Protein chains: 2
Amino acid sequence: MDKPLKDGRDGPAKANGARFPARYLPILDWGRSYGRETLTNDLTAAVIVTIMLIPQSLAYALLAGLPPEAGLYASIAPLVAYAVFGTSRALAVGPVAVVSLMTAAAVGGLDLASPVEYAAAAAVLALLSGLFLIAMGALRLGFVANFLSHPVISGFITASGLIIAASQLKHILGIPASGHNLYEILISLFENIGAVNWITLAIGASATAFLFWVRRGLKPALSKFGVKPRMADFLAKAGPVAAVAITTLIAWGFDLPSAGVAVVGEVPQGLPPLAFPAFDIGLWSELAGAAVLISIIGFVESVSVAQTLAAKRRQRIVPDQELIGLGAANVASSVTGGYPVTGGFARSVVNFDAGAETPAAGAYTAVGIAVATFALTPLLFFLPKATLAATIIVAVLSLVDFSVLKRSYGYSKADFAAVAATVLITLGFGVEIGVSSGVALSIALFLLKTSRPHIAEVGLVPGTEHFRNIRRHEVETNPRIVTLRVDESLYFANARFLEDYIYDRVARDKGVEHVILMCSAVNEIDGSALESLEAINERLNRMGVTLHLSEVKGPVMDRLKRSHFLDDLTGSVFLSQYRAVKTLSEVSADRIA
Amino acid sequence: MDKPLKDGRDGPAKANGARFPARYLPILDWGRSYGRETLTNDLTAAVIVTIMLIPQSLAYALLAGLPPEAGLYASIAPLVAYAVFGTSRALAVGPVAVVSLMTAAAVGGLDLASPVEYAAAAAVLALLSGLFLIAMGALRLGFVANFLSHPVISGFITASGLIIAASQLKHILGIPASGHNLYEILISLFENIGAVNWITLAIGASATAFLFWVRRGLKPALSKFGVKPRMADFLAKAGPVAAVAITTLIAWGFDLPSAGVAVVGEVPQGLPPLAFPAFDIGLWSELAGAAVLISIIGFVESVSVAQTLAAKRRQRIVPDQELIGLGAANVASSVTGGYPVTGGFARSVVNFDAGAETPAAGAYTAVGIAVATFALTPLLFFLPKATLAATIIVAVLSLVDFSVLKRSYGYSKADFAAVAATVLITLGFGVEIGVSSGVALSIALFLLKTSRPHIAEVGLVPGTEHFRNIRRHEVETNPRIVTLRVDESLYFANARFLEDYIYDRVARDKGVEHVILMCSAVNEIDGSALESLEAINERLNRMGVTLHLSEVKGPVMDRLKRSHFLDDLTGSVFLSQYRAVKTLSEVSADRIA
């Protein structure tokens with residue numbers, strides 16, 4: 001009846017059946033059927049995203065500690081690269097808040113003297129991150145991102161949002177401040193609070209208030225005036241552009257820089273410079289760890305929004321190819337004066353809602369930004385930094401969500417511990433330690449749980465062939481037979497726990513003749529656990545107790561057959577627990593009590 | 001019928017019911033019934049172990065890079081401390097090979113100028129290790145040692161044995177050599193091979209040959225001459241003492257030191273000095289990592305021999321109290337001129353076989369060694385270091401066992417990878433990196449396995465209520481119902497895998513109306529997996545497919561009830577898979593095909 005099976009692991013069908021080169025160039029797939037209607041939709045989306053992206057890219061460059069043009073440069077070549085290699089039809093790639101913050105933490109920690117060195121280090125970071133992503137994609141290692149649990153991601157994003165908002169207060173207040181965690185930033189702000197520039201504060205505060213109102217109150221107000229929803233939506237998205245335009249005009253009109261209001265200043269006009277980052281083993285190895293973290297965080301953020309959007313249109317993305325797409329985007333960024341990029345959440349949703357149908361929309365957006373670097377840069381001279389800070393603050397505060405703490409507390413203490421630790425450590429010690437600790441803790445808690453598995457003593461549910469926990473259900477048991485259901489795979493971390501548990505159970509009860517290990521939930525028995533089972537078998541034998549197994553899964557049984565254990569086992573292996581109890585009850589000439 | 005249960009985790013009875021102070025002072029337990037017969041047995045064992053321990057302690061001190069008296073000192077106070085706090089009746093504590101090697105690696109890596117500083121650092125290592133062990137014991141964290149899997153331990157011990165043997169070749173050859181991994185040591189030996197001292201080599205080689213013969217050939221030879229087995233055993237154990245005595249006499253008689261043969265030289269006479277290691281934050285933090293590793297390795301080695309011996313006499317040891325016993329031994333060692341100690345394998349077996357009944361045997365051994373430090377130290381001046389090296393080589397080569405590679409290869413590729421990596425990395429890069437990599441790799445492989453769980457599509461075994469894998473058994477299925485049995489707990493690392501698997505399965509087959517997740521092997525659903533289940537439920541719903549669960553375990557169900565998932569679930573939760581299929585087949589007015 002058993003069919004032999006060479007590989008116990010029945011994998012699902014390949015998510016991506018495409019062959020080389022289409023496997024690595026999704027553009028060959030969607031490009032073939034590209035028509036006029038698709039073009040119109042993609043162009044419309046690109047215009048809207050471009051308008052949204054201009055102030056964002058300037059602001060995030062500021063957050064990363066880079067000159068504003070770095071943000072624009074990071075929004076050109078990377079978008080084209082992703083359009084060629086990416087699989088999501090709606091993902092909008094570019095500078096994003098969390099990755100900009102991580103860039104600031106990584107490069108800011110190097111203690112570099114000049115802005116030129118700083119920008120060069122940011123480009124190296126993008127290059128390393130891009131190469132790492134491409135390598136992960138080529139090796140199909142996308143699954144490692146799954147080890148970032150949802151609670152850790154939520155906690156990390158929330159804490160990062162708070163740090164980002166705090167870090168922008170200096171621009172709103174017009175004072176110097178620094179630091180890579182909430183504590184340092186707040187102390188630094190407090191020390192310089194006496195130097196507040198009141199005009200800067202007035203601009204920053206009103207820009208922030210205006211942008212909050214645009215986000216919350218503008219759409220309902222426009223609807224009231226009969227503006228169509230789609231147009232209202234568009235106007236709301238253009239809010240930051242309006243804030244930028246108005247405050248720039250004010251700063252120019254009143255010559256605010258002479259009153260101490262910080263403005264963007266000279267921005268080089270023209271296309272990004274082409275330059276490969278210089279190889280410097282010291283710098284590269286100092287940035288390697290940060291590059292890995294930025295890659296994984298960026299990938300997770302990007303893939304989750306891409307998957308959500310794809311599901312809405314019944315499309316699929318290919319995570320391993322996404323790695324290559326994002327990797328190509330980062331490499332492109334590094335050689336064109338940019339810094340690490342990834343798919344942005346809000347931006348991608350806008351792109352999707354605006355009707356983007358293919359990655360080409362991203363390429364058109366790149367053209368829009370490129371035009372802006374020619375036409376708009378002279379106009380940005382008088383743009384107050386406080387306005388950019390306001391757009392960042394309003395954008396990131398929507399990422400802050402403490403409800404995950406409450407939800408996880410109600411559902412799982414381990415999840416709660418992971419999210420709380422991630423939030424607190426990120427706030428207190430910065431992003432890199434924060435997210436690493438969160439991942440380490442969630443893995444440690446999982447291991448801890450599996451190392452002390454739930455073991456239930458089970459009995460027969462009357463009138464059925466089912467066995468349930470004697471402490472939860474009214475079941476029939478036989479005093480000579482103890483059945484233990486181990487609710488975990490048996491492996492090195494819990495092998496000794498099982499040994500102890502069984503000895504204690506048998507030593508407490510002299511009437512026991514048979515111990516049955518019900519293995520319905522045992523998905524694996526590794527070498528250490530096998531040695532423990534051998535020890536259990538031997539010691540129970542010396543106590544005059546027979547050891548049996550029941551409901552052993554196919555793959556586990558295949559493996560046991562390759563060891564000596566089944567030869568030495570004092571009892572039998574039963575296909576079903578019911579048959580085990582029936583057989584042993586008859587053997588001991590005893591009915592189920 | 002369900003009994004409410006506050007804590008789903010049904011722990012075993014406490015292994016140690018004793019109350020304070022007996023919980024922390026096992027001596028109060030066995031001391032009460034200490035009689036004349038026990039005294040005689042303990043004394044006999046102590047004499048035999050003392051004779052065995054004298055050359056061993058000198059040799060292991062040499063291996064650790066310390067003066068010979070450090071080995072003697074580490075065999076006095078620690079034994080008394082363990083006798084008071086330890087729970088094993090047979091464990092013989094003192095300097096052991098692997099821990100001595102790890103001490104050499106840790107302290108040798110500090111680049112200290114003088115032997116005095118070196119000895120002080122070794123004492124600090126013992127102190128830190130002792131404090132760490134005591135803290136682990138007090139916090140009942142003994143279970144963390146379980147994360148050292150059996151294959152990793154075997155691989156580590158084998159590789160360490162090879163490194164130790166190689167490191168002793170310099171004493172046999174009479175040439176200088178150094179290094180903390182096999183490669184460094186062999187290169188270093190090769191460079192100095194021209195300077196071989198032939199007299200030293202003659203002594204070393206004949207001592208080695210003699211000791212191998214004693215181990216293998218002496219007992220059969222003695223039996224042939226009618227010597228009783230117990231006496232033959234004793235004489236075989238005394239082999240190293242004979243080698244020491246004979247070679248010392250030769251070195252003295254022929255004045256070999258003047259011929260360039262290295263001897264032990266002046267050994268201070270008298271009891272160990274009492275001195276608390278000076279506090280030096282720099283040194284302490286440099287040694288902290290090594291102290292943790294030494295503690296855990298020492299604990300694992302000690303506990304496994306203690307448990308094996310206890311089981312032979314139906315006694316139990318208490319692992320958490322063992323931590324305190326070993327911790328006390330190390331603290332005692334650190335304040336009396338010693339270095340890190342633990343329970344030795346061979347020595348404990350000898351102690352057990354010689355009839356030791358209580359930890360008092362260890363205290364008597366300590367007295368024996370203390371007497372030796374008075375009476376014997378002047379006689380050790382002419383003891384050739386080559387003889388000590390020979391005793392080490394013969395002792396450690398018995399630890400080298402490559403059969404674990406073959407065994408694990410046949411049983412589990414993951415175990416094989418862990419053991420092979422541990423052996424190779426230990427040999428190539430030293431003990432600390434070797435064991436750390438082994439542990440990290442075995443945990444990573446476990447996580448990897450659980451992140452891509454086995455998922456079986458199951459059907460009904462005809463004439464029963466049991467469901468089995470359709471690819472392994474001839475079973476009945478219904479084309480409208482797909483049942484997937486997930487053979488793993490659902491948690492963050494595999495949540496997305498499950499999502500992908502289910503979409504692929506349902507997308508392939510348009511006739512599917514119901515998906516049942518059979519959860520008999522799902523021991524946990526964490527917050528991330530819950531979100532995935534919610535996503536699966538929602539997306540299947542949009543595809544017109546209903547999601548059901550069956551055979552959900554009590555603790556898992558308790559938790560699901562605390563979330564919204566069960567309210568949103570499009571289908572039902574069935575107690576048994578049989579009932580699920582029966583109900584759904586009737587609902588869809590369709591018989592099981």
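What percentage of the 593 residues in chain A do buried residues make up? Select chain A and colour by accessibility: buried residues account for 56% of its 593 residues. Keep in mind throughout that this is a predicted model, so that the stops below describe computed coordinates.

**Stop 1: the whole of chain A**

With chain A still selected, a cartoon view shows 24 helices and eight strands, and the C-alpha trace spans about 100 × 60 × 60 Å along its principal axes. Among the contacts in chain A with a separation of 6 or more, 80% are between residues 24 or more positions apart.

Now recolour by pLDDT, for which chain A has an average of 87, with 95% of the residues scoring at least 70. Over residues 1-18 of chain A the pLDDT falls below 50, although this stretch has 36 contacts in the model beyond near neighbours in sequence. Select helix 1 (residues 27-31) of chain A for the lowest confidence, a mean of 77, and then strand 7 (residues 546-550) of chain A for the highest, at 95. For the complex, the predictor gives an ipTM of 0.79 and a pTM of 0.81.

**Stop 2: the two copies together**

Show chain A and chain B together, and superpose chain B on chain A: the operation is a rotation of 180° with 0.0 Å of shift along its axis, and it leaves an RMSD of 0.1 Å. The two copies are therefore related as by a two-fold rotation axis. To find a place by that axis, select B:Ala521, whose C-alpha comes closest to it of the residues of chain B, at 1.9 Å. The copies meet through the same surface, because 100% of the interface residues of chain B are also interface residues in chain A.

**Stop 3: the cysteines at position 519**

Next select A:Cys519 and B:Cys519. Why is B:Cys519 not bonded to the closest cysteine sulfur? The sulfur of B:Cys519 lies 19 Å from that closest cysteine sulfur, in A:Cys519, which is too far for a bond. A search of the whole structure finds zero disulfides over all chains, and A:Cys519 is accordingly in none. Both residues are also covered: A:Cys519 is buried at a relative accessible area of 5%, and B:Cys519 likewise counts as buried at 5% relative accessibility.

**Stop 4: the six-stranded sheet of chain A**

Return to chain A and select strands 3 to 8, which form an open sheet of six strands in the order 4-3-5-6-7-8, with mixed pairing. The edges are strand 4 (467-469) and strand 8 (573-574) of chain A, each of which pairs on one side only.

Inside the sheet, strand 3 (residues 455-460) and strand 5 (residues 481-486) of chain A run antiparallel and are joined by three bridges; display A:Ile455 to see A:Val486 of strand 5 standing opposite. Further along, strand 6 and strand 7 of chain A pair in the parallel sense over five bridges, and A:Met518 has A:Ser550 in strand 7 as its bridge partner. Strand 7 of chain A is mostly covered, with four of its five residues buried. Add helix 21 (residues 527-542) of chain A to the view, and it will be seen to lie across strand 6 (514-518) and strand 7, running at about 140° to strand 7.

**Stop 5: strand 6 in chain B**

Move to chain B and select strand 6 (residues 514-518), where five of the five residues are buried. In a regular strand the side chains alternate between the two faces of the sheet. Here B:His514, B:Ile516 and B:Met518 point one way, whereas B:Val515 and B:Leu517 point the other way, and all are buried. Adding strand 5 (residues 481-486) of chain B shows parallel pairing with strand 6 over five bridges, in which B:Leu484 has B:Leu517 as its bridge partner.

**Stop 6: two places among the helices**

In chain A, select helix 4 (residues 77-85), where A:Pro78, A:Leu79, A:Ala81, A:Tyr82 and A:Ala83 are buried. The buried residues of this helix pack against several elements of chain A, including helix 2 (36-63), helix 13 (319-334), helix 15 (360-375) and strand 1 (93-94).

Finish in chain B at B:Ala119, which belongs to helix 6 (residues 115-138). B:Ala119 is partly exposed, with a relative accessible area of 29%. Its C-alpha is 10 Å from that of B:Ala61, a residue 58 positions away in sequence.

Conventions: Residues are numbered from 1 along each chain as its sequence is written. Chains are lettered from A and ligands numbered from 1 in the order in which they are written. Side-chain values use heavy atoms; hydrogens and water are left out. Copies are superposed by least squares on the C-alpha atoms of residues with pLDDT of at least 70 in both. Contact means heavy atoms within 4.5 Å. pLDDT is the predictor's confidence in each residue, from 0 to 100. A disulfide is a pair of cysteine sulfur atoms within 2.5 Å. Buried means under 20% relative accessible area, exposed over 50%, partly exposed in between (1.4 Å probe, protein chains only). Two strands pair if DSSP finds at least two bridges between them. Axes are lines fitted to C-alpha atoms, for helices over the stretch in contact, and angles run from 0 to 180 degrees between N-to-C directions.
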